[in-house]
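Reader: I'm new to this one and a bit lost. Could you pick one part and walk me through it slowly, then show me how the rest sits around it?

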Amino acid sequence: MIKKQEDSNKNISTRLLDDEPVGMTVQVVRVMGDGAFRQRLLEMGFVRGAKVTVLKNAPLQDPVEYMIMGSHISLRHSEAAQVEVTDKDAEFCDMEDAFNGIVETEVAGVDPMADNVLRVVLVGNPNCGKTSLFNNVTGAKEKVGNYGGVTVDSKEGWFSIGGRKVQLVDLPGTYSLTEYSPEEMYVRTYIRDNHPDAILNIVDAGNLERNLYLTTQIMDMNIPMVVALNMWDELEKSGDKLDIEMMSRLLGARMVPLTAYNGHGVKDVLQATMAAIDESEQETMHHNVNYGPLIEDSLKELGEMCPELDRYTVLKIIENDQHAIELLNNKDDAETVKSRATELRQLIERDFNSDIVSIITDLKYGFVRGALAEALTPNPNRATGETKPGYSMDRLLTNRWLALPILLVLMWLMFELTFTLGAYPQDWIESGIGWIGEWIGKAMPDGILKDLVIDGIIGGVGGVLVFLPQILILFFCISLLEDSGYMARAAFIVDRIMHRVGLHGKSFIPYLIGFGCGVPAIMATRTLENRRDRLVTILTVPFMSCSARLPAYLLLVAAFFTANQGLILMSIYLIGILIAALTAILLSKTILKHDKTQFVMELPPYRKPTARNATLHMWSKGKQYLQKMATIILAASIIVWALGYFPRHEGQTPQEQIENSYMGQMGKAIEPLVEPLGFNWQMGVSVLTGAAAKEIVVSTMGVLYTGESDATEESTSLKEKLQSATKPNGEHVFDPIVAYSFMLFILLYFPCIAALAAIKREAGWKWVAFEVVYTTGVAWLVSFIFYQIARMV
Amino acid sequence: MTDSSIIQTIVVLGIVAVALVYVLRRVIKTTRGHGDCGCGCGKNCKCKTKHFD
């Protein structure tokens, strides 16, 4: 499928990137096709003359890992087939030609306190350390991770410097300010609507060529900007030398070295930002990329027709960007401006013999390369095409034969550690709760209040609290995976499978986050560019078993399975993944039918996870878990207890009392629905109350089974109570089959209210209704099939 | 019923009522998208000002 053609400018033969063997380094000639995906490829550095090295195929042969501009990018074969390349030494394009230097624009002074608040926004490529800096500056503990797309919303914090209080806004990472994905749209709209007093542009100092592309777009916005050169320590280690002063002069912005993770340079960055804000009070000269006489004249002409628009927007109008063109709609002469913009665009395209998007991207990268040629001296000892430090572990972790087994072993290890290591502190907490219960039992006089405290509060909250160690261990493990950079590799490894089921490789990241909590996982789908991909991912994420369901599994596995407990726990998670995959196939072949989606993802370098970050993440999750105990789970336990306690009937046994309570009546009403799954009414009620938060499934069991216990019975754990629970006919309520059927139902049935609210925010009420009906239907069906078949064999 | 059990019943019913109101408010706030669900997804409203003076 080798494609030969004569390049329009020079006599060179071209091939397709997809046909290049592993290890080959070639030069990009052009990206074919059109549309947003092509634009994304251009913006990620697939521009004329850029050198690309084919690094490896994913274990399932698709996607392929490429290195371009020092970044590792993953592309599917079908997408690589859109990139035309030629020999790496072919002389067809001198990128230095595209370097025209800068032009200066006069910008009137502004009063930074006009809206009574000093606002600085953090803008930068994904995974360049914006949130690390934000946490360092504001004292916040926002989630960070070594992969792009951790931040999908704006986060606001405050700092004070020189006696002035400043609001700092952390925006999602973006490769450009073009509206390719929802988070790019979000960043662009936020800057346009909120008029920040300064932009703090964070760039990865080790990957300036790609990162400074976004800087050139910010330069055109004529907003005071400071460039923070993050990961400066890595640049120094690499042996490259950057002349910061010269670079600052070229960009017309202060550049400050920074190492955000340890806080080196933070104060300098803030001082430089304040100085830039102070300067903006006077009339200043802003530096812009010089696009050459034809484009500059076009910008000037159109800028005079729309004096209210900044240079960035005017350029976007020339580029035929629909969102920029919409801004013209309120103008009286909108049609005149649009038609002149079209004429100018055609003129430029004719002159450059290319399309406008490629022209502007080439010119911006040309500017960046020209500037770096002046200011950056690369380490002379590094060979061209050599992999940067931080990728050596890929030889093992994305190895063709070992990658998938390693992924499965890592998952198993995570669950096994959660189970076995967590069991010891769990026993201590259980004993502590038992001791408190006994002490209160002796200290308080008999009566309704004592029943509430012991059966309602200690039985309900205590039943869930004992699983705190396991939750902490699970989040510690997830944090290690996130910080190391393995998350992006996992997406790379499974993309082929995800693609087969109609999902995007990037959906893997929301799925993994979903093992923690469904709400941030649903929010994380914002990194998916295609709305249908997002919808399919949003609707299937709840099948990834969240940590709130974990207490129920831990309780049931510990009580009814004596061997291979880690494997049984893992099987539940794998069934969730399987159901998610089947659902994705079903949705993408029916109501959410769509064309195949493209996959471009950056693979970050591996970094050593820091104990501090992992502990902070674990602590923050543990705190949230305890907060939930003290609030929603406590309140729900009290309500469940009250519904199981009232109305009171004289002369009844505790068993009869609870069966005749409001809760008992409710449970009996739904019992026919859950009986075919092997459940009794207590289990039916538990899944209902779990709607508020999944931990309440266990706390409800804690309350209902504590209430059932004989007053003379010695205090035993909930696990032992479930093991000894019997039906009226004397048979045990639970056995391994019932326990597994119950776990399947808990895994699959509708998500908690917080997750449903997140689905409503991201997709709307219609999809919330669909999700509730669909997930509950699937849960019932899967549990029913499992229970009935297991009983037969 | 003794005085003590009447008082205990009133206290318990009060606690149950507070719990009920709390859960309802929480559910309403969450579904309207204003609540902090405690999952790490919400706003950073408790963030304190850090000083660099």
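Author: Let's start with the open sheet of chain A and work outwards from there. Keep in mind that this is a predicted model.

Seven strands of chain A make up this open sheet, in the order S1-S6-S2-S3-S4-S5-S17, and they pair in the antiparallel sense. At the edges you'll find S1 (15–16) and S17 (600–603) of chain A; each has a single partner strand, so one side of each has no neighbour in the sheet.

Now zoom in on S4 and S5. Strand S4 of chain A covers residues 64–68, strand S5 of chain A covers residues 71–75, and five bridges hold the antiparallel pairing between them. If you want a spot to put your finger on, Ile68(A) stands opposite Ser71(A) in S5(A).

Just ahead of S4 there's a little oddity. Pro63(A) sits in the loop that links strand S3 (51–57) to S4 of chain A, and the peptide bond leading from Asp62(A) into Pro63(A) is cis, with omega near 5°. That's worth a second glance because most peptide bonds are trans.

The sheet also has a helix lying over it. Helix H18 of chain A, residues 486–500, lies across S4, S5 and S17 of chain A, and runs at about 140° to S17(A).

How does this fit into the whole chain? Chain A is split into domain 1 (15–93), domain 2 (102–377) and domain 3 (406–597 + 617–792). The centres of domain 2 of chain A and domain 3 of chain A are 45 Å apart, taken over C-alpha atoms.

Let's move on to helix H24 of chain A, residues 611–645, which holds Lys621(A). Is that lysine buried or exposed? Lys621(A) counts as buried, because 24 other C-beta atoms lie within 10 Å and the cut-off for buried is 20 or more. Leaving aside residues up to four places away in sequence, Lys621(A) touches Ile471(A) and Phe475(A). Leu474(A) is 147 residues away along the chain, yet its C-alpha atom is 10.0 Å from that of Lys621(A). After H24 comes a cis bond again: Phe646(A) and Pro647(A) are joined that way, with omega about -10°. Pro647(A) belongs to the loop between H24 and helix H25 (654–659) of chain A.

Helix H21 of chain A (residues 531–540) is mostly covered, with eight of its ten residues buried. Among them are Leu535(A), Val536(A), Ile538(A) and Leu539(A). The cover over the buried residues of H21(A) includes helices H19 (508–514), H20 (518–524), H23 (565–589), H31 (753–763) and H32 (765–792) of chain A.

For a pair of helices, try H9 (residues 293–305) and H10 (residues 311–318) of chain A: their axes come within 10 Å and cross at roughly 110°. That makes H9(A) roughly perpendicular to H10(A). The residues where H9(A) contacts H10(A) divide into six nonpolar, two polar and one charged. Among the residues that meet there are Leu299(A) and Leu302(A) in H9(A), and Val314(A) and Leu315(A) in H10(A).

Two loops are worth a look too. His195(A), between helix H4 (182–194) and strand S11 (198–204) of chain A, has a positive phi near 40°. His195(A) is exposed, with 11 other C-beta atoms within 10 Å. Asn222(A) has a positive phi as well, near 55°, and is partly exposed, with 19 other C-beta atoms within 10 Å.

Notes:
Residues are numbered from 1 along each chain as its sequence is written. Chains are lettered from A and ligands numbered from 1 in the order in which they are written. This is a predicted model: local features need pLDDT of at least 70, side-chain atom pairs count only at pLDDT 80 or more; totals for chains, interfaces and linings use all residues. Domain bounds come from an automatic or database domain assignment. Axes are lines fitted to C-alpha atoms, for helices over the stretch in contact, and angles run from 0 to 180 degrees between N-to-C directions. Helices (H or I, at least four residues) and strands (E, at least two) are DSSP runs, numbered from the N terminus. Angles under 35 degrees count as roughly parallel, over 145 as roughly antiparallel, 65 to 115 as roughly perpendicular and the rest as oblique. Two residues are in contact if their C-beta atoms, placed from the backbone, lie within 7 Å. Ala, Val, Leu, Ile, Met, Phe, Trp, Tyr, Cys and Pro count as nonpolar, Asp, Glu, Lys and Arg as charged, and the others, Gly among them, as polar. Two strands pair if DSSP finds at least two bridges between them. A residue is buried if 20 or more other C-beta atoms lie within 10 Å of its own, exposed if 12 or fewer, and partly exposed in between; C-beta atoms are placed from the backbone.
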